[in-house]
Amino acid sequence: GLGDVYKRQLQDWQERNRPIRLEKRYEFENYDALRAFLDDAADLSEQKGLFPDIGFGKTYANFTIHTDEGSTELSDTQREFAALLDTLETSQQVQA
């Protein structure tokens with residue numbers, strides 16, 4: 001299924017249990033690159049209606065995507081969102 005496709009595509013995402021979630025740390029050359037990525041990620045969140053937990057410093061951002069409340073597994077939508085974030089990161093790195 002589609003979920004399997006995204007599962008294979010996800011690079012460097014850690015799948016964790018208790019609670020079930022996806023986690024990834026993105027690194028950036030500078031704060032401007034980080035800011036541009038966070039702006040793009042915010043746009044993506046609004047498009048998809050999915051809002052991950054984000055923690056960030058000057059040159060990194062930690063993203064955590066949680067399952068829907070009451071769900072015991074990550075949805076295709078959540079995996080797709082993670083894959084789309086990775087495409088944003090690639091575009092930011094090219095511009096830097």
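Select Arg18 to begin. Arg18 counts as exposed, at 78% relative accessibility. This is a predicted model.

**Stop 1: the loop after strand 1**

Stay on Arg18. Arg18 lies in the loop between strand 1 and strand 2. Now check its backbone. Arg18 is not a glycine, yet its phi is positive, about 50°.

Add Pro19 to the selection. Pro19 has its place in the loop between strand 1 (14-16) and strand 2. Look at the bond joining Arg18 and Pro19. That peptide bond is cis, with omega about -10°. Both features deserve a pause: most residues other than glycine have a negative phi, and most peptide bonds are trans.

**Stop 2: the paired strands**

Select strand 2 and strand 4 together. The two run antiparallel, joined by seven bridges. Where should you look along strand 4 for the residue opposite Tyr26? Go to Ala61; Tyr26 stands opposite this residue.

Next, add strand 3 (residues 53-56). Strand 3 also runs antiparallel to strand 4, and four bridges join them. Pick Gly55 and look across. Asn62 in strand 4 stands opposite Gly55. Then follow the chain from strand 3 to strand 4. A hairpin makes this connection through three residues.

**Stop 3: the core**

Which residues have the most contacts inside the largest nonpolar core? Select Trp13, Phe63 and Leu85. This core has 21 residues. Now colour the elements that build it. Strand 2 (21-27), helix 2, strand 4 (60-66) and helix 3 (76-95) each supply at least two of its residues. Helix 2 gives the most, with six residues. Such a grouping follows a general tendency: in soluble globular proteins, nonpolar side chains tend to be buried together.

Centre the view on Leu85. Set aside its neighbours within four places in sequence. Leu85 is then in contact with Trp13, Tyr26, Phe37, Ala41, Leu44 and Phe63. Tyr26 is a residue you have met before, opposite Ala61 in strand 4.

**Stop 4: a nonpolar patch outside**

Switch to a surface view. Select Tyr31, Ile54 and Phe56. These three form a nonpolar patch on the surface. Together they have about 290 Å² of accessible area.

Finish on Tyr31. Tyr31 is found in helix 2 (residues 31-48). Is Tyr31 buried or exposed? Neither label fits: its relative accessible area is 35%, so Tyr31 is partly exposed. The reason lies in the cut-offs, because buried means under 20% and exposed means over 50%.

How values were computed:
Residues numbered from 1 in each chain as written. Predicted model: local features only at pLDDT ≥ 70, side-chain atom pairs only at ≥ 80, totals over all residues. Heavy atoms only, no water. Patch = residues over 30% accessible without salt bridge, like charges linked within 9 Å, V, L, I, M, F, W, Y side chains within 5 Å. Areas by Shrake-Rupley, 256 points an atom, 1.4 Å probe, with all protein chains shown as cover. Salt bridge = Lys/Arg side-chain N within 4 Å of Asp/Glu carboxyl O. Buried < 20%, exposed > 50% of the residue type's maximum accessible area, 1.4 Å probe, protein only. Core = buried A, V, L, I, M, F, W, Y, C linked by side-chain atoms within 4.5 Å. Contact = heavy atoms within 4.5 Å. Pairing = 2+ DSSP bridges.
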